[in-house]
Amino acid sequence: MMSAMPNAHESPSSPIQKIPFTCTFDCGSRCELVAWVQDGSVVRVDTPPGRPDTTLRPRLVPCARGRAQHRLLSVPERVGHPLRRTGPRGSGEFEAVGWDDALDEVAQHLAEARERRGTASVLHATGAGSVLGRGLHGAAASRRFFSHWGPVTQTSGNASNYCSCKAAEWMLGGRLPGSDRATLLDSRLILLWGMNLAETIMGPNTAHFVAQARDRGAHVILIDPRYTDTGVLADQWVPIRPGTDAALVAALANVMEDEGLVSDFVTTHTTGYDLYRQYVQGESDGVPKTPGWAAPITGVPTETIRQLARDYATVKPAALLPGWGPQRSRFGEQAARAFITLACMTGNVGIRGGSCASVGTRASSLPVPGLPGEPHGLARHIPIGLWAQEILETTLEPALSMAYIVASNLINRTPETNRNAAALSTLDFVVVNEQYMTPTARCADVVLPICTDLERADIVESWGHDSHLFYSRQAVPPHDEARTDYWVFSQLAQRLGFGFEYTQGRTETEWIDLILAKAAAHLDTKTLQDDGILRTDGEPRVALAEFRSDPAGHPLNTPSGRIEIASPEAQIAGLPLIPAHVADDAPRTTPRTVGGTTAQYPLQLITPHSKLRSNSCAHANPWLQQLEPHVLWISSQDAFERGINSGDTVEVRSEFGVAALPARVTERIMPGVTCIYQGTWYAPDADGVDRGGCANTLTSQQESPSGGITTHSARVEVRRAE
Amino acid sequence: MEQGIFIIDMATCTGCQTCRIACHDRADSADGIEPLRIETEEAGLYPTPSLAYRVVHCYHCAEPSCAAVCPVAAISQDAAGWVLIDAAACTGCGACADACPFHAITLADEGIAVKCDGCHDEVARGWEPTCVRACPMRALHFEIPPAEVPKNRIADPCFDGQGIEPRVVYLRWRRDETAGPATQRREGAKG
């Protein structure tokens, strides 16, 4: 009996090899994948069978995006040859050219840019595409190149968790390693605050640990404007208006103060708490931050606020896990600071099953040396959200004239995509290293085809909330003429006269061997080479445990050595000294307006990450696209008022653009709030309406006071399309 | 040989769709032709909506209605109880797809019925079926013999009284109102 399914069939003449690899998406996870390769082609992508789960170190099971990579190998959007633009910028009209011609042209433009205006006139932009903590590809290869070539202009900051990073810097003295996710097994209460871990994942087993904690009796509360897929795991959903998280925290703190529930931890381990207490009790401004004060701001009923405060203050240990959505708002620093403050008030910092409610490090606990770079330093940084503004309204000298974009769908992933596309089109020359013909690649003069994870080898670290290391192997030969970033920059370096300085005479394999040889001093590199993966064992790490047990002996890297609830640096950035709530529409002294009035744009728009993509990576995968349609989430109340039904095409309009996509009328979102998942590809029609429904067509480039991206503070109006 | 049973824990499935992709990849079928689907069950009104995802594939029934209606006897059960379609014999008439109460059979463009084959070859090698080992949430299980229903779950009675014997059990959450932080919460509220 044979199967109806034309499965990959192994035969002696055509064996199937199982090649271990991992994804390098900018997704927050690194998972264990194996490519089934037959006759030089991938026939299937799997996770290694037969490995057991252990309680503290479960298997690293990949998500749909990782598993679907097989299909992504053969999509028509794949770039297979060096391309030179033949039509207008953004038209997508290109001709294939030889590698030598393409590289000569890029090298010539780099040399001309240097001669005419200096190396600083070149914008080097990376990020959100194929990213690695260490390794040879993407930004690692281009950073090394530009560090030898000369100081360029580089995008700085990050679009993911900038405000959380600032909060950690101000309050904890830097981004500290987070607790191992396995410690959630000991939690009795888990607060998922803007944390949609069923979709954003952030560690392959984070949601799995939460589900197990729930099965062991932990209470799980989801605080989010949407009832996300994570709601399946939650006992309670608390809808909250976007941008008001610090107000809810203030009210929780007010209840805790009133009911004598505040932990001594604030006295023994923090500074500045008294200022925050005065704020929440109304001693400093005459307005006690009671549940009655917070309810109309946050949309959370007073009784729910009291219950949340009692739950979090009394059920121990309790883990507050903030997502990155709350801090991607106009005053996102305040949310991020407030979360840490609240964790201190409940005494859940530094204990197993608790959480300090901060952003962890990117760095793995199994560090390996990467490709060295940066002897020149950089000419200057421009904040990632403001690169287009710096091109269009530049005050820089020299002005930017050329962009080299590596592993980044830059126009799609940063706010105000229309403006971003316009900005790129004003430059003299744009080069993009890409795997797929993204909206950014369409704006290029030259597109250089790059290998995917299955077509190259690398050493890949986990994110800081996990502890593993991969030796990701090359499974198949490069698609058509695709090459690695390392190869491309080696070739350019050779043309520009520093080939040996760039390569040190090493091939990629020799670099990997060198990395492994250096790492062998402190890591079991034999297991890494044999199994393709190395994991830590032993007890899970608890963040700030030493500081908790002995704050004087293990001080933080803050001026006081303690957790600083009052932050002078925040004040310098234009924020309150303490984590007070600041309304989204509070007056600002920044040069740009917030993007229309609430009368024009009555609905809030949040733009979270989808389970179908990693930022815009994997957008072109038909298997993923067919899982769920790309829609606007709108509440039944808001839809009714506008005569909108599920499936209707709607036009979503903001101060910055118009996107058209189908509506999904749902009970799973707070009235007054709409949602478009970020990451679909920008596709403007002749009238400038984005038919791709790219969320950033609608978002604003206005930064938070310290420089964070504010893509969850967009305001829109929605109407049924004619 | 004792037959295994699929355990699908809807209390833990977050609808991540990984099993669906993994199954599609194994099947190597055309875009849109998938042996496994996921149904979204939404109910309730704001602010107390409910959500559950239901993974659906061939349940390899003990008395398969699909096999009973196949005019060319292309569907049969093997020794381990897997209900399998002989692609060479299948004419693509679609009778089986109409007969399956779970709509677990799809007709591919080339006129062949496609459905879950239980990953019977992989199970025979000692592996878990593809969907089970693909599940990042460990919401899918394949058990021989079936384990008892965990204390905080109830078996979904969706197939009771239909006179069919699908090899699947759906589990749903059973809230224990007497234990854990919920009690503390009620006490706290009183205080």
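Domain bounds here come from an automatic or database domain assignment. On that basis, chain A of this predicted model splits into three parts: domain 1 (83-159 + 372-461 + 477-535), domain 2 (178-358) and domain 3 (603-720). Notice that domain 1 is written as three stretches of the chain, while domain 2 is written as one. Measuring from C-alpha centre to C-alpha centre is a handy way to place two domains, and for domain 1 of chain A and domain 2 of chain A the computed separation is 39 Å.

A good place to begin inside chain A is strand β9 (residues 219-223). Five of its five residues are buried, so β9(A) is largely enclosed by the rest of the structure. What do the two faces of this strand look like? His219(A), Ile221(A) and Ile223(A) point one way, Val220(A) and Leu222(A) point the other way, and all of them are buried. The strand also has partners. β8(A) pairs with β9(A) in the parallel sense, over five bridges, and within that pairing Leu191(A) sits opposite Ile221(A). β9(A) is likewise joined to strand β10 (residues 236-238) of chain A, by three bridges and again in parallel. There, Leu222(A) has Trp237(A) as its bridge partner. Add helix α6(A) to the picture, and β8(A), α6(A) and β9(A) together make a right-handed β-α-β unit.

The link between the strand and the helix of that unit is worth a look too. Leu197(A) is found in the loop between β8 (189-193) and α6 (206-215) of chain A. Is this loop residue buried or exposed? The cut-off for a buried residue is 20 or more other C-beta atoms within 10 Å of its own; Leu197(A) has 23, so it counts as buried. As for its company, leaving out residues up to four places away in sequence, Leu197(A) touches Leu192(A), Met202(A), Thr206(A), Ala207(A), Val210(A) and Thr230(A). Leu72(A) is another matter: it lies 125 residues from Leu197(A) along the chain, and the C-alpha atoms of the two are separated by 24 Å.

Elsewhere in chain A there is an open sheet of three strands, in the order β17-β18-β19, with antiparallel pairing. Its edge strands are β17 (458-461) and β19 (533-535) of chain A, each of which pairs on one side only. From one strand to the next, the twist averages 15°. Four bridges hold β17(A) against strand β18 (residues 468-472) of chain A, and these two run antiparallel. In residue terms, Ile459(A) stands opposite Tyr471(A), and Val460(A) faces Phe470(A) in the same way, with the latter in β18(A). A hairpin of six residues carries the chain from β17(A) to β18(A). Even as an edge strand, β17(A) is covered on both faces: Asp458(A) and Val460(A) on one side, and Ile459(A) and Glu461(A) on the other, are all buried.

Now for the second chain. Chain B contains six helices and 10 strands, and buried residues make up 41% of its 191 residues. Looking at contacts in chain B with a separation of 6 or more, 56% are between residues 24 or more positions apart.

How do the two chains meet? On one side are 53 residues of chain B, in contact with 49 residues of chain A. The elements of chain B that give two or more residues to this side are α1 (18-27), β3 (50-56), β5 (83-85), β7 (113-114), α5 (130-134) and α6 (181-190). The largest share, seven residues, comes from α1(B). Sorted by class, the side of chain B that touches chain A has 28 nonpolar, 14 polar and 11 charged residues.

That leaves α1(B) itself. This helix is mostly covered, with 10 of its 10 residues buried. The buried residues include Cys19(B), Ile21(B), Ala22(B) and Cys23(B), but also Arg20(B), Asp25(B) and Arg26(B). Right after α1(B) comes Asp28(B), whose phi is positive, near 55°.

Definitions and conventions:
Residues are numbered from 1 along each chain as its sequence is written. Chains are lettered from A and ligands numbered from 1 in the order in which they are written. This is a predicted model: local features need pLDDT of at least 70, side-chain atom pairs count only at pLDDT 80 or more; totals for chains, interfaces and linings use all residues. Two residues are in contact if their C-beta atoms, placed from the backbone, lie within 7 Å. Ala, Val, Leu, Ile, Met, Phe, Trp, Tyr, Cys and Pro count as nonpolar, Asp, Glu, Lys and Arg as charged, and the others, Gly among them, as polar. Two strands pair if DSSP finds at least two bridges between them. Axes are lines fitted to C-alpha atoms, for helices over the stretch in contact, and angles run from 0 to 180 degrees between N-to-C directions. A residue is buried if 20 or more other C-beta atoms lie within 10 Å of its own, exposed if 12 or fewer, and partly exposed in between; C-beta atoms are placed from the backbone. A crossover is right-handed if, with the strands pointing away from the viewer, the path from the first strand over the helix to the second runs clockwise.
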